[in-house]
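Work through the exercises below with the sequence and the model side by side, and try each task before reading its solution.

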Amino acid sequence: MSRPGRDDGPDRLYTLTGGRSRAHGHEFDLVTLVVSESEPRPGMQSEHAAILRMCRLPTAVVEIAADLRLPVGIVRILLADLLDMGVITARHPRTAPARAQLLDPILLEQVLVGLRNL
């Protein structure tokens with residue numbers, strides 16, 4: 001059994017991306033969440049339209065690639081196109097808060113004392 005996207009001829013992948021090999025100016029991690037902001041337009045590339053339909057709810061880049069059965073690199077280029085068109089939004093999941101944003105240790109101590117008193 002071959003991996004998704006492996007059976008796609010290089011000609012098809014080249015055509016999908018217009019010959020580009022990178023999504024210049026945009027960084028999409030595997031876990032970047034994508035949400036469509038509009039419906040597919042008439043005449044839009046079928047993969048672009050499929051992404052817009054798929055991303056009505058937040059969807060990770062890796063999920064989009066798996067559903068389309070395309071390599072992640074190709075999907076990143078397609079997503080960059082859609083972002084440039086203004087029809088999707090993309091955001092990275094929140095990372096752990098910086099140490100300066102953590103709760104005050106004194107407050108945590110007071111909570112701990114209160115829990116012990118229960």
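**Exercise 1. Decide whether L16 is buried or exposed, and describe its surroundings.**

Solution. L16 has a relative accessibility of 8% and therefore counts as buried, where buried means under 20% relative accessible area, exposed over 50% and partly exposed in between, computed with a 1.4 Å probe on protein chains only. The model is a predicted one, in which local features need pLDDT of at least 70 and side-chain atom pairs count only at pLDDT 80 or more, while totals for chains, interfaces and linings use all residues. Residues are numbered from 1 along each chain as its sequence is written, and side-chain values use heavy atoms, with hydrogens and water left out. The next step is to place the residue: L16 lies in helix α1, residues 10-17, helices being DSSP runs of H or I with at least four residues and strands runs of E with at least two, numbered from the N terminus. Finally, leaving out residues up to four places away in sequence, L16 touches Q45, E47, L70, I74 and L78, contact meaning heavy atoms within 4.5 Å. Of these partners, Q45 is 29 residues away from L16 in sequence, yet the C-alpha atoms of the two are 8.4 Å apart.

**Exercise 2. Determine which residues H48 contacts beyond its sequence neighbours.**

Solution. Begin with the position of H48, which belongs to helix α2. H48 is buried, its relative accessible area being 6%. Once neighbours within four places in sequence are set aside, the contacts of H48 are L78, D81, L82 and M85.

**Exercise 3. Describe how α2 packs against α4.**

Solution. Two packed helices are described by the angle between their axes and the distance between the axes. The axes of α2 and α4 come within 10 Å and cross at roughly 75°, axes being lines fitted to C-alpha atoms, for helices over the stretch in contact, with angles from 0 to 180 degrees between N-to-C directions. That makes α2 roughly perpendicular to α4, since angles of 65 to 115 degrees count as roughly perpendicular, those under 35 as roughly parallel, those over 145 as roughly antiparallel and the rest as oblique. The contact is formed by E47, H48, I51 and L52 from α2 together with L78, L79, D81, L82 and M85 from α4.

**Exercise 4. Describe how α2 packs against α3.**

Solution. Helix α2 (residues 46-54) and helix α3 (residues 61-68) have axes 11 Å apart and pack at an angle of about 125°. The two helices, α2 and α3, are therefore oblique to each other. On the α2 side the contact involves A50, I51 and M54, and on the α3 side I64, D67 and L68.

**Exercise 5. State the strand order of the sheet, and find what packs on the sheet.**

Solution. Three strands make up an open sheet, ordered β2-β1-β3, with antiparallel pairing; strands pair if DSSP finds at least two bridges between them. At the edges are β2 (59-60) and β3 (88-91), each of which pairs on one side only. Strand β1 (residues 33-36) is joined to β3 by four bridges, and V34 has A90 as its bridge partner in β3. Helix α4 (residues 72-85) packs on the sheet, where α4 touches β1 and β3 and its direction makes about 120° with that of β3.
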